[in-house]
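Colleague: I'm new to this one, so could you take me through a single part of it up close? I'd like to hear about the aromatic rings and whatever sits around them.

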Amino acid sequence: MQVYVWMLLPMALLLPPGAWSGEIIGGRVAKPHSRPYMAFLKRQTSKGTMICGGFLVRKDFVLTAAHCAEGTNTVILGAHNIRREEDTQQKISVRRKFPHPRYNRTSIENDLMLLQLAKPAELNKEVRTIQLPRAGNVVEPGSVCSVAGWGKIDLDTTTNILHEVELEVMEDGTCQEDQEMRRHYKPSVMMCAGDPDEEKSSFSGDSGGPLVCDGMAQGIVSFGKDDGSPPRVFTRVSAYIPWIRKTMRKPRD
């Protein structure tokens, strides 16, 4: 099992079929700027340039996955094609990182992180925040949610354009009964999404992006099976609302 981490081209072209390669499977091209909360995280690490997703929750804060913490981050808001210098894009450096204090790389628990931006984003029709759920809110199994990200659209095809896919929220047992994921899945702080009978999935370049249900960011792309098949595991946002609010309220130097 691996958490979702994806290298930009040309490294992505070197990945063999079945490897983690940063993709939305079974989805479609998103309508440009139809998800104005989406954030593209470009990270300079010891292993090279890597990416994650994220989402704007306040004009000066982006929420993402804690396993995306390594490296120096630049956030790009208002993007559709990440390889183009679009007029809508806002490139902002990260001032401070706030990974959850109890994030565990081994168990993959508490896989979320707040990024304080060096300056507030300019909110407009291409760049907006997304609503967070109330603390303790539960999305019922059978609900259809969506996730988006940049990367490959199948094991052999790369893309730089935002893609999206709809995923069904599954019973916790779907992930708990999976031999590869059951050791890590914790229902109280995680969500299980993606019908095992459908070829629809998020992948590594989507790490940190939101699982959106009825206009709210209910989950954060976290981890899944090595072969990339559904279901996938998402950090349950509603379990962390007090920590998120408290962290954003703290005075920043």
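**Aromatic pairs and the cavity**

Modeller: Searching the whole structure turns up 2 aromatic pairs. Keep in mind that this is a predicted model. Let's start with F40 and W150: their ring centres sit 5.4 Å apart and the planes make an angle of 85 degrees, so this pair counts as edge-to-face, the label for angles over 60. It ties together distant parts of the chain, with F40 in strand β4 (residues 38-45) and W150 in the loop between β10 (144-149) and β11 (163-168), 110 residues apart. Both F40 and W150 are buried.

The other pair is F61 with F98. Here the ring centres are 6.5 Å apart and the planes are at 45 degrees, so we call the pair tilted. This one also links distant parts of the chain: F61 belongs to strand β6 (residues 61-64) and F98 to strand β8 (residues 90-99), with their positions 37 residues apart in the numbering. F61 and F98 are buried too.

Now back to W150, which also helps line the largest cavity. How do you find such a space? Rolling a probe the size of a water molecule over the atoms shows where empty space is left. Counting cavities of 30 Å³ or more gives 1, and the largest cavity has a volume of about 40 Å³. Along with W150, its lining is made up of H33, R35, P36, M38, G78, A79 and E126. Sort the lining residues by type and you get 4 nonpolar, 2 polar and 2 charged. So W150 turns up twice in this tour: as the ring partner of F40 and as part of the cavity lining.

Notes:
Residues numbered from 1 in each chain as written. Predicted model: local features only at pLDDT ≥ 70, side-chain atom pairs only at ≥ 80, totals over all residues. Heavy atoms only, no water. 1 Å grid on protein atoms, 1.4 Å probe; cavity = no way out; pocket = protein on both sides within 12 Å on 5 of 7 lines; lining within 4 Å. Points joined across faces, edges and corners; volume = space filled by probe spheres on them. Nonpolar A, V, L, I, M, F, W, Y, C, P; charged D, E, K, R; others polar. Phe/Tyr/Trp six-rings, centres within 6.5 Å; stacked < 30°, edge-to-face > 60°. Helix = DSSP H or I, 4+ residues; strand = E, 2+ residues; numbered from the N terminus. Buried < 20%, exposed > 50% of the residue type's maximum accessible area, 1.4 Å probe, protein only.
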